Amino acid sequence: QVQLVESGGGLVQAGGSLRLSCAASGRTFSSYTMAWFRQAPGKEREFAAYIRLTGGTTYYADSVKGRFTISRDNTKNTVYLQMNSLKPEDTAVYYCAAVTSYLSTRDLRRTESFGYWGQGTQVTVSS
């Protein structure tokens, strides 16, 4: 089993920054591909970013590209999402997710591909 716990959410003004953390416990963290998804009120959960096993490959949704950075520290079993230039439309509950299989980018953008999820952390961006 894998447990994921997010932290770092909060209230920030537009243009500000936040850094989310996701601490993992359980099986070997370095064998996971990790991702961040988000869900705004009344909307479906959507992909934001992923980082592959060794941390060398990342991929971002167009909506966050250039503003968000995903990274991981395998020594701390933690994945991060640095969010800069935040916009009101970034307001959502942010979830981290993990999968041990090697999947294509297309599949890694789908919630159904991930077997492990955190409880989520709220990010609110005021205008």
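These legends accompany close-up views of a predicted model, beginning with the whole chain and then moving to single residues.

**Figure 1. The whole protein, with one helix and eleven strands.** Welcome to the overview, a good place to get your bearings before zooming in. Starting at the N terminus, the elements follow the order β-β-β-β-β-β-β-β-β-α-β-β. Taken along the principal axes, the C-alpha atoms fill a box of roughly 40 × 30 × 25 Å. The radius of gyration is 13 Å, which agrees with the value near 14 Å for a compact globule of 127 residues.

**Figure 2. Surface, interior and charges of the protein.** Of the 127 residues, 43% are buried. The accessible surface comes to about 6,300 Å², and carbon and sulfur atoms account for 46% of that area. If you like to think about contacts along the chain, take those between residues at least 6 apart in sequence: 60% of them join residues at least 24 apart. The protein has 14 positive and 9 negative charges, and the mean positions of these two groups are 4 Å apart.

**Figure 3. Gly118 in the loop between strands S10 and S11.** Here we look at a glycine in the loop that follows S10 (116-117) and precedes S11 (121-126). Gly118 counts as buried because its relative accessibility is 11%, under the 20% limit for that class. Which residues does Gly118 touch, not counting residues up to four places away in sequence? They are Leu4, Glu6, Tyr95 and Cys96. Glu6 deserves a second look: 112 residues separate Glu6 from Gly118 along the chain, yet their C-alpha atoms are 6.3 Å apart.

**Figure 4. Asn77 and Thr78, where the loop after S7 meets strand S8.** Asn77 sits in the loop between S7 (68-73) and S8, and Thr78 belongs to S8, which covers residues 78-83. The backbone of Asn77 is worth checking on your screen, as its phi is near 55°, a positive value in a residue other than glycine. Are these two residues buried or exposed, or partly so? Asn77 has a relative accessible area of 27%, so this residue is partly exposed. Thr78, at 9% relative accessibility, counts as buried. A polar atom of the Thr78 side chain lies 2.8 Å from the backbone oxygen of Lys76.

**Figure 5. Met83 in strand S8 and the residues around it.** Met83 is part of S8, and with a relative accessible area of 0% this methionine is buried. Leaving aside neighbours within four places in sequence, the contacts of Met83 include Gly16, Ser17, Leu18 and Leu20. Met83 is also in contact with Arg67, Phe68, Tyr94 and Val123. For a sense of scale, try Ser113: this serine is 30 residues from Met83 in sequence, and their C-alpha atoms are 24 Å apart in space.

**Figure 6. Ser85 in the loop between strands S8 and S9.** Our last stop is the loop that leads from S8 to S9 (92-99), where Ser85 is placed. What is the phi of Ser85? The angle is near 50°, a positive value in a residue other than glycine. At 41% relative accessibility, Ser85 counts as partly exposed, because that class lies between the 20% limit for buried and the 50% limit for exposed.

Terms used. Residues numbered from 1 in each chain as written. Predicted model: local features only at pLDDT ≥ 70, side-chain atom pairs only at ≥ 80, totals over all residues. Heavy atoms only, no water. Helix = DSSP H or I, 4+ residues; strand = E, 2+ residues; numbered from the N terminus. Buried < 20%, exposed > 50% of the residue type's maximum accessible area, 1.4 Å probe, protein only. Contact = heavy atoms within 4.5 Å. Rg over C-alpha atoms; globule rule 2.2 N^0.38 Å. Areas by Shrake-Rupley, 256 points an atom, 1.4 Å probe, with all protein chains shown as cover. Lys, Arg positive; Asp, Glu negative; His and termini not counted. Charge placed at Lys NZ, Arg CZ, Asp CG, Glu CD. Polar contact = N/O pair within 3.5 Å; in protein donor to acceptor, adjacent residues only side chain to side chain.
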